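User: Please take a close look at a single part of this structure, one strand with its pairing partners. I would like one connected account that then follows its links into the interior.

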Amino acid sequence: MPHVLRQAAAAIGAALWLASAVFVPLSESAATSVEIYYAPEDLPGLRLADFYGKARRYIYVAVYGLTYPPIVKALVAAHKRGVDVRIITDRERLKDPKQRSAVETLSLAGIPVKVNRHENLMHLKQAVIDDEVNTSGSMNQTGSGNRYNDERLDVFTDPVTSAMARDKFLAMWKDTERYGDWK
């Protein structure tokens, strides 16, 4: 077998082994699912608001843009139900009057909000709910991200990746050099 073919066969074998290792369930009880919503046709912001409405313990949101009224209402309602709601967003994004209004609404409801102090963007689009669900994708939690832009929201129901996302959020939350309280 020529050298190039041996290298290709070895690479394919390694890739297959890695793929099988990645997709093997971590435990019998770990139920994992992925839902993918595209904007505008799937209205992912409304789906996200529904997830927030089902939260029982906490919602941790790290997102660049947060202006969509149904999401703001769902976060405030969750907080009123006793859910621990925390938000991290980008300080430069607060120049947008809609973003500022949404953050003020959340803050007035008693929801703590932090913004980045570092010079770069806080550009995550992540939410973690109850160690069970975490989201990612290109979608900001805005009206445009829900109804107009070409966007994607990935919803993972998985305790392992949700714990990783939660730990990342909490590390950011505790990092007083890079993130500070809004107002």
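Analyst: Two strands are taken to pair where DSSP finds at least two bridges between them. The model is predicted, and the strand chosen here is E5, residues 125–129.

On one side of the pairing pattern, 3 bridges join E5 to strand E6 (residues 133–137), and the two run antiparallel. Within this pair, Ile129 stands opposite Val133 of E6. E5 and E6 form a hairpin with 3 residues between them. One residue of the turn, Asp130, has a positive phi of about 55°.

E5 also pairs with E2, again in the antiparallel sense, over 5 bridges. Here Val128 of E5 is the bridge partner of Tyr60.

In a regular strand, side chains alternate between the two faces of the sheet. In E5 both faces are covered: Lys125, Ala127 and Ile129 are buried on one side, and Gln126 and Val128 are buried on the other. Thus 5 of the 5 residues of E5 are buried.

Tyr60, the bridge partner of Val128, also leads to a distant part of the sequence. Leu170, found in helix H6 (residues 159–174), lies 110 residues from Tyr60 in sequence, yet their C-alpha atoms are 8.5 Å apart. Leaving aside neighbours within four places in sequence, Leu170 is in contact with Tyr60 and Arg86.

E5 and E2 are among the elements that give two or more residues to the largest nonpolar core, as are helices H2, H3 and H4. This core has 34 residues, of which Tyr52, Ile59, Leu75, Ile87 and Leu106 touch the most other members. H3 supplies the largest share, 6 residues. Not counting residues up to four places away in sequence, Leu75 touches Tyr52, Ile59, Val61, Leu66, Val85, Ile87, Leu106 and Ile111. Apart from this core lies another, of 12 residues, which includes Leu170 together with Ala165, Phe169 and Tyr179.

Leu75 and Leu106 also take part in the packing of H3 with H4. The axes of these helices come within 10 Å and cross at roughly 10°, which makes H3 roughly parallel to H4 because angles under 35 degrees are classed in that way. The contact is made by Val72, Leu75 and Val76 of H3 and by Ala102, Thr105 and Leu106 of H4. Of the residues in this contact, 5 are nonpolar, 1 is polar and none is charged.

Note on methods. Residues numbered from 1 in each chain as written. Predicted model: local features only at pLDDT ≥ 70, side-chain atom pairs only at ≥ 80, totals over all residues. Heavy atoms only, no water. Core = buried A, V, L, I, M, F, W, Y, C linked by side-chain atoms within 4.5 Å. Buried < 20%, exposed > 50% of the residue type's maximum accessible area, 1.4 Å probe, protein only. Helix = DSSP H or I, 4+ residues; strand = E, 2+ residues; numbered from the N terminus. Contact = heavy atoms within 4.5 Å. Axes fitted to C-alpha atoms, helices over the stretch in contact; angles between N-to-C directions. Parallel < 35°, antiparallel > 145°, perpendicular 65-115°, else oblique. Nonpolar A, V, L, I, M, F, W, Y, C, P; charged D, E, K, R; others polar.
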